[in-house]
Amino acid sequence: MQQPLDSQIPPGCPAHGNVQMYGPSFGADPEGHYAQLRSFGPSAPVDIAPDVQAELVTSYDAALYVLQNPASFVRDSRRWNALNEGRVPADSPALPMMGYRPNALFSDGAAHARLRQAVTDSLATVNEHQLIRQTQQSANYLISQFSTDIRGQAELMAEYAQPLPLLVFSDLFGCPPEIGDRVIAGISGIFEGTPGADEVLGGALTELIALKRRRPAADLTTRLMEHSAQLSDEEVLHQLVTLLSGGTAPLAAAIGTSSALYLGEDWQVGLPVEDAVSQTLWNYAPIANYAAHYPTHDVELGGRVVRANDPILVSFAAANTDPKLTEHREQLSAKAHLAFGAGPHACPAKDPAFMIAVTAVEALLNRLPDVEMRVPFKALTWAPSPWSRSLVTLPIRFSPRAVPQAAEPAASNPGQAPQQQAVPSSSPTTGPARTGTSVAPQSKGGLFTRFLAWTRGE
């Protein structure tokens, strides 16, 4: 008998294994995969990576149940059955995402409360106007680098959306130029799969922490170190890594998708940038499938029993687009999406993250008032990752222009409609006061060194 072609096998068919949540097929049509998974109930078994199985929750209500029930679902991945039994490949791409680290993300109970409090208290000291100013200045620098292209073309993901959060975080951490360059190279390399990137990032942050021990400053690194929780240097390092990994890549995805939506063919003229960011968080959750939980006992999810210590992942993307929410979406709060999680492990920086995304898109529209996409929104390509929902590229065009060097941006309110006018070339050239280093930045070097030199007009 002739065997059916692979293309004729429906995703998730029990006779042919779990739904595969990775690779080109998933990347091209995640919504189709989520729809197939929903046919099995609020959750279903998936392969999140080759030879790595997990239960994926696709229901909004079931996701809230898992996220808000820490007594039954914990985050410490040292409980992971398959990992402890040697059934997870040593080179699995799931390990960097799900493997245990001594940070708030993978901790529970008192340990989690202690680490999270240090993070939330430190983030609370970040001044809103300072954050907007840092974001605008980073945006202005990046735009200045591509806006003079004589073709009037740029690739917005690589040249703007991806580097912008890295500049903002390096600034917030109080990095000197050379350390900031290595922090950016390290975290970028981790997401790109560059060999040795972990060591580069770890070495840079270790030097940063040692520097702040000698010379404390008004930055996030110092605040974490001086917090009453009395974090060890290793704990400080892992919280910084969590902030970087949990903040930069999802923010880059949000900035890119929000920009594409606002410039897209279906966007309603007159709606503010804030609406584009909210729509991104609802319909294109930057962290698509993550938040591994481990049941403390056998649990039942919609008639399916999941064994204690088998991983349960939450599909924020599928939960946010749950068909059962359709008739209630307009009545729900604009912030009822699960893009930032929920429960005790909800993102502690959701308000700053939203503010950075809005400010970044507004800065682009203000600096390049005639910017437009070179392809329709529906023709854009998405990364085939199970963990994130991010555009691969975002090609744009605009009228080439000169952007004033180190222009000092005026503070604006996130969500305010962008002013569609050019920035005068006579804008003052001023830069912010720097802290945490006495080393003068050079005109050459890595991204952060060049940025700091630009802010000083060098």
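Which strands form the three-strand open sheet, and in what order? I went to the predicted model for this. I read the order as E5-E11-E10, with antiparallel pairing.

**Edges of the three-strand sheet.** I looked up the ends next. Strand E5 (153-155) and strand E10 (372-373) are the edge strands, and each has a single partner strand, so one side of each is left without a neighbour in the sheet.

**E10 and E11.** I then checked how E10 is held to E11, residues 395-397, and found two bridges, with the strands running antiparallel. For a residue pair to click on, I noted Glu 372, whose bridge partner in E11 is Arg 397.

**The six-strand sheet.** I moved on to another open sheet, this one of six strands. I wrote its order down as E1-E2-E3-E9-E6-E4. The pairing here is mixed, and I wanted to see which pairs go which way. A reminder to myself: strands of a sheet pair through backbone hydrogen bonds, either parallel or antiparallel.

**Its edges.** I have strand E1 (19-20) and strand E4 (73-74) down as the edge strands, each pairing on one side only.

**E1 with E2.** I found two bridges between E1 and E2, and the two strands run parallel. Gln 20 has Asp 47 as its bridge partner in E2.

**E2 with E3.** Parallel or antiparallel for E2 and E3? I got antiparallel, over six bridges. Asp 47 turns up again here, opposite Gln 53 in E3. I also logged Ala 49, which has Val 52 as its bridge partner in E3.

**The turn.** How many residues lie between the strands in the hairpin of E2 and E3? I counted two, and I flagged Asp 51 in this hairpin for its positive phi, near 65°.

**E3 with E9.** On to strand E3, residues 52-57, and strand E9, residues 312-315: I see three bridges, and the strands run parallel. My marker pair is Val 57 and its bridge partner in E9, Val 314.

**Burial.** Last, I asked how many residues of E2 and E3 are buried. In strand E2 (residues 43-49) I have six of the seven residues as buried, so E2 is largely enclosed by the rest of the structure. For E3 I have five of its six residues as buried, and I put it down as mostly covered.

**To keep from today.** E2 pairs with E1 in parallel and with E3 in the antiparallel sense, while E3 runs parallel to E9. That fits the mixed pairing I noted for the six-strand sheet.

Conventions:
Residues are numbered from 1 along each chain as its sequence is written. This is a predicted model: local features need pLDDT of at least 70, side-chain atom pairs count only at pLDDT 80 or more; totals for chains, interfaces and linings use all residues. Side-chain values use heavy atoms; hydrogens and water are left out. Two strands pair if DSSP finds at least two bridges between them. Helices (H or I, at least four residues) and strands (E, at least two) are DSSP runs, numbered from the N terminus. Buried means under 20% relative accessible area, exposed over 50%, partly exposed in between (1.4 Å probe, protein chains only).
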